[in-house]
2 protein chains.
Amino acid sequence: MSILADVARLAGVSKSTASRALSGRGYVSDETRMRVEEAASELGYVVSSAAASLVTGRTRNVAVVIPYINRWYFAEVLEGIEASLIRGGYDLTLYRLSTDLDLRRRVFDYFLVRKRVDAVISVAIDLSPHEVQMLQALGKPLVGIGGRIEGIPTLSIDDVETARVATEHLLSLGHTRILHIGGDQHEQMDFRVHSQRYTGFTRALRAAGVEAEGAFRSAEFSIEGGYQVGLSVLGDPRTRPTAIFAGCDEIGIGITIAARQLGISVPHELSIIGIDGHPIAEMLGLTTLAQRPGNQGARAVELLLSQLEHADATPPNEHEVLPTELAVRTSTAAQR
Amino acid sequence: MSILADVARLAGVSKSTASRALSGRGYVSDETRMRVEEAASELGYVVSSAAASLVTGRTRNVAVVIPYINRWYFAEVLEGIEASLIRGGYDLTLYRLSTDLDLRRRVFDYFLVRKRVDAVISVAIDLSPHEVQMLQALGKPLVGIGGRIEGIPTLSIDDVETARVATEHLLSLGHTRILHIGGDQHEQMDFRVHSQRYTGFTRALRAAGVEAEGAFRSAEFSIEGGYQVGLSVLGDPRTRPTAIFAGCDEIGIGITIAARQLGISVPHELSIIGIDGHPIAEMLGLTTLAQRPGNQGARAVELLLSQLEHADATPPNEHEVLPTELAVRTSTAAQR
DNA sequence: CTCCCACCTGGCACCGGTTCCACAACGGCG
DNA sequence: CGCCGTTGTGGAACCGGTGCCAGGTGGGAG
């Protein structure tokens, strides 16, 4: 394991010149630079990032805190973040925060706070003012994905509006017996995504003069969750809705599978719409309001790096609303 | 941002005593330790991991290189790794290696090699001897998941045997027109998982005296991939197989959906078996050979940490075979 | 011709911990 | 009573880079 001093010696220059040559900062003649580079590659030299970050205070490492990995939306966001960071020469340190509050505290108090990371991206986690303040006190830029957080730049889709548009699509097809199968209001994710989508749903119904009472069933935010609730809800033809607005595509997919299993024809007997843009939704012809989680991740990195690269620019502590697009496929049709 | 010297001053002790008190190494009187701890928490002190790892040479950070995030098996492995690492007080730095060879080189040459990580877990990536040697030369313990790698401890299921058992299950039910829908042999993942499962398949057929010629179709390793190939393969009732061995549960799920769509009754007209233990497989009643990817990740961490914690123990450069368990559900039945 | 500036290089202090070593106090044992 | 081992503490040398500053060149402007 060779160190900078070895490289300098082999190249016949001083440590500082070797450092300049390799990092590209400051004046070095082309000839010297080449000699140093040669020496470095001959010795298989690589900088010690610990030493570098000790003196510069920068680690070129970004933390991502995220509640799930094995769910489509989160995995997509993560992939988007990872790809962008690596392209920018940054490492990505992953913290999965479960519902374990104790772990959450540990991650914040112990892991994030050590000067290991330059910045933090939090996905679908509603940071408390105290957590935000703590990270900001450390001078760490912070970007949130999935909902608003006071005082830091965040980005997300407009959940209320997206749900409203989805519901309106069903209403415009003449449906009035519409059921919303969404996430549990109590065990919801941090940003109240569930209740926001529910709000959009009821808002659309009310605007159309349709009764919202009893038009909601909760399900786990997964294909299995949608499937189970789908089976139970679609079983009785007398109480069966003519259209379902699923809180996410995974639920919608589960419902679709349940409907097929029960011999309920989609869209003739039942219309289904979801939110997300999941590839399986496309495969099944599920109408949806598509978002691009990968792009959200990439955008978050972009915001972060711009803060990191020129610290002068005051951070745009704004909430950025990302678009969703209605993709009408074959799971929704006019009410017969 | 307070540093150790501040804490020492506030506690009225020297830097070295403060360091000992906080790290728990060496002699410190209980009373002094308490004073130091108090001072530290009063100042909100946290160690600079850069400074610490500069002198100790340990970073308490493990790299994970993985080809996918948004696939069930990989996400499960990743979750298992993450949970175990955080419990052991280690950070996890994530590198997603796509098929981009250039990126792969960069990750190895540039990212992994900087003294940022203490160890590396490689998931479903067949490291070249050169890559192994490079990491070992840096003294970094290395564990592989998903297949054998010469010279380092690895763990995986026995793909050949698992596929053989799956096929045998179909054979034992009296099926002879069995199709294997698996991954593309050419575009396969690194460990030749696809060809190994194919080998197990043909081996079982041969042992039963069944012709293997033409009994294979390739699909993308995903639900959509299985669905598409399923549609094309199941369309013509005259050439339709009576049983399908899917290369993974995701393919099996896709085939199941395709079969339902075509009105083919499972298991009466078609038996389907997969490999993995995907939750949707369970939901659909898909018979499978279940593995526990999360446990594989946890086990890998265990191997790694034992190497890290007591460097004396020579690494057990062995391949550990993890079990798969036949879970017979409702997608397989005797040939009529 | 002088002055200034852009270019190039080396010396050295520093980042913030860890750890080795020296030293001191104290108790137990022969 | 002297010696030794255990315990407790402080001083100082690191770890391996970065970057400031000083010093030295050479060329163009005044």
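These legends describe close-up views of a predicted model of protein chains A and B with DNA strands C and D. Residues are numbered from 1 along each chain as its sequence is written, and chains are lettered from A, ligands numbered from 1, in the order in which they are written. Local features need pLDDT of at least 70 and side-chain atom pairs pLDDT 80 or more, while totals for chains, interfaces and linings use all residues; side-chain values use heavy atoms, without hydrogens and water.

**View 1. The two protein chains and their symmetry.** Chain B is superposed on chain A by a rotation of 180° with 0.0 Å of shift along the axis, at an RMSD of 0.1 Å (least squares on the C-alpha atoms of residues with pLDDT of at least 70 in both copies). That is the relation of a two-fold axis. The same surface serves both copies, as 98% of the contact residues of chain B recur in chain A (contact: heavy atoms within 4.5 Å).

**View 2. The largest nonpolar core.** This core has 75 residues, and those with the most contacts inside it are Ile81, Ile121 and Val123 of chain A and Ile81, Ile121 and Val123 of chain B. A nonpolar core is a set of buried Ala, Val, Leu, Ile, Met, Phe, Trp, Tyr and Cys residues joined through side-chain atoms within 4.5 Å; buried means under 20% relative accessible area, with a 1.4 Å probe and protein chains only. Beyond its neighbours within four places in sequence, A:Ile121 is in contact with residues including A:Val62, A:Ile81, A:Val143 and A:Leu304.

**View 3. The surroundings of DNA strand C.** DNA strand C is surrounded by 25 residues, the closest being A:Thr17, A:Tyr27, A:Thr32, B:Leu4 and B:Ser19 (near: a heavy atom within 4 Å). The side chain of A:Thr32 has an N or O atom 2.4 Å from a phosphate oxygen of the strand. A polar side-chain atom of B:Lys15 lies 2.8 Å from a base nitrogen. For B:Tyr45, a side-chain N or O atom is 2.7 Å from a sugar or linking oxygen.

**View 4. The surroundings of DNA strand D.** Among the 25 residues around DNA strand D, A:Leu4, A:Ser19, A:Tyr45, B:Thr17 and B:Thr32 come nearest. Phosphate oxygens of the strand are 2.6 Å from a polar backbone atom of A:Leu4 and 2.5 Å from a side-chain N or O atom of A:Ser19. The side chain of B:Arg20 places an N or O atom 3.2 Å from a base nitrogen.

Notes:
Buried < 20%, exposed > 50% of the residue type's maximum accessible area, 1.4 Å probe, protein only. Polar contact = N/O pair within 3.5 Å; in protein donor to acceptor, adjacent residues only side chain to side chain.
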